[in-house]
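Trainee: I have the model open. Can we go through the labels one by one and test each against its cut-off?

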Amino acid sequence: MGMHRTHSFRYAAAAAGISFAVSALIPAHASAAGLPATASPAAAKPTIVLVHGAWADASSWNGEVKILRGQGYQVRAVANPLQNLTTDSQTIADFLKTVRGPVVLVGHSYGGSVITNAAAEVKNVKALVFVDAAAPAVGETNGSLSGSTSALNAPPSTLFDTAAYPQAPSGAKNLYLKKNVFVRDFAGDLPTNQAENLWATQRAASTAAFDTPSKHAAWKTIPSWYFISTGDRIITPQSEQRMARRAHARTTLFRGGSHLTLISHPDAVAKVIGTAARSVG
């Protein structure tokens, strides 16, 4: 999930993530004999892999998983380590290598930076979907892409609680969003009780994740879709629109929402993911 650097920690608060033409082949002899026509097996649908962002986990995709599985897709929401963009991306790439057939790779928030890199390491990703996400170019950090009016541009001490963690790179800390920031800015369109529960169960993200320069920009060669919530206060719509334009992404502007529109409006997000999936043939 995205953020703008404002401190010696270099906090970036990033995140702060087929149209299958099915031909029914009818043998000529069957038709002539008046026998029932038998359609050939449909081409397999792509697998949809969902990558969460910072201060979240794979359960943030629960709504989309239910909808897309109901449409007949194989769907996997995988754990994002939230420790370092290079190694996080390798973790996802290694998982993708276990998936047979085409993949639609989806990232929310900081997960967008991860899929931008992971997709460049494998050959089976046929579409990228960015959901209120960062999509860095080579050399950019996730933390530099939040936008000038992001809520994460406030002093870090007002945004985060910090904690050390084992084997952390020099100077790196784990970040937890403070309760008021999470409820007001991160999950602003969710009921307060739900937002508070999500705050209480958030996963920490390392400062190193937001400061690691991107090594790849898979959106340069892989068709991309962008879902942008106008109510996003973490990665601003203006920043996302800029990234979508340079990726030549098919863009959906969702009126309202928040940085967690994937939770508050999974139907709208799943619709865009489904459109990307149907393009893969």
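Trainee: How close do the axes of α2 and α11 come, and at what angle do they cross?

Mentor: This is a predicted model, so read every value as computed from it. The two axes come within 9 Å, and the crossing angle of α2 and α11 is roughly 55 degrees.

Trainee: What makes α2 oblique to α11?

Mentor: Set the angle against the classes. Roughly parallel needs under 35 degrees, and roughly perpendicular runs from 65 to 115. The axes cross at roughly 55 degrees. That falls in neither range, so α2 is oblique to α11.

Trainee: Which residues make the contact, and what is the hand of the crossing?

Mentor: From α2 come G63, E64, I67 and L68. From α11 come P266, D267, V269, A270, I273 and G274. The crossing of α2 past α11 is right-handed.

Trainee: Why is K66 called exposed?

Mentor: K66 sits in α2, residues 62-70. Its relative accessibility is 71%. Exposed means over 50%, so K66 qualifies.

Trainee: How far is the C-alpha atom of K66 from that of P266?

Mentor: They are separated by 9.3 Å, though the two positions lie 200 residues apart along the chain.

Trainee: How do you know that the length of α11 agrees with its residue count?

Mentor: Helix α11 covers residues 266-278, which is 13 residues. At 1.5 Å a residue, the expected span is 18 Å. The end C-alpha atoms are 18 Å apart, so the two agree.

Trainee: Which residues of α11 are buried?

Mentor: They are P266, A268, V269, A270, V272, I273, G274, A276 and A277. Each has under 20% relative accessible area.

Trainee: Which strands does α11 lie across?

Mentor: α11 lies across β1, β3, β4, β8 and β9. Its angle to β8 is about 170 degrees. Roughly antiparallel means over 145, so α11 and β8 fit that class. Helix α4, residues 110-118, lies across β1, β3 and β4.

Trainee: What is the order of the six-stranded sheet, and which strands are its edges?

Mentor: The order is β2-β1-β3-β4-β8-β9, and the pairing is parallel. The edges are β2 (74-78) and β9 (250-254), since each pairs on one side only. From one strand to the next, the twist averages 15 degrees.

Trainee: How do you know that β3 and β4 pair?

Mentor: Pairing needs at least two bridges. β3 and β4 have six, in the parallel sense. One example is V106, whose bridge partner in β4 is V129.

Trainee: What is the order of the three-stranded sheet?

Mentor: That open sheet runs β5-β6-β7, with antiparallel pairing. Its edge strands are β5 (160-163) and β7 (205-206). Four bridges join β5 to β6. D161 has Y176 in β6 as its bridge partner.

Trainee: What makes the phi of D132 and of Q167 worth a look?

Mentor: Most residues other than glycine have a negative phi. D132 has phi near 45 degrees, and Q167 has phi near 60 degrees. D132 is in the loop between β4 and α5. Q167 is in the loop between β5 and β6.

Trainee: Why is D132 called buried and Q167 exposed?

Mentor: D132 has a relative accessible area of 0%, which is under 20%, so D132 is buried. Q167 has 83%, which is over 50%, so Q167 is exposed.

Notes. Residues are numbered from 1 along each chain as its sequence is written. This is a predicted model: local features need pLDDT of at least 70, side-chain atom pairs count only at pLDDT 80 or more; totals for chains, interfaces and linings use all residues. Side-chain values use heavy atoms; hydrogens and water are left out. Helices (H or I, at least four residues) and strands (E, at least two) are DSSP runs, numbered from the N terminus. Buried means under 20% relative accessible area, exposed over 50%, partly exposed in between (1.4 Å probe, protein chains only). The expected span of a helix is 1.5 Å times one less than its number of residues. Axes are lines fitted to C-alpha atoms, for helices over the stretch in contact, and angles run from 0 to 180 degrees between N-to-C directions. A crossing is left-handed if the near helix is turned anticlockwise from the far one by less than a right angle, and right-handed if clockwise. Contact means heavy atoms within 4.5 Å.
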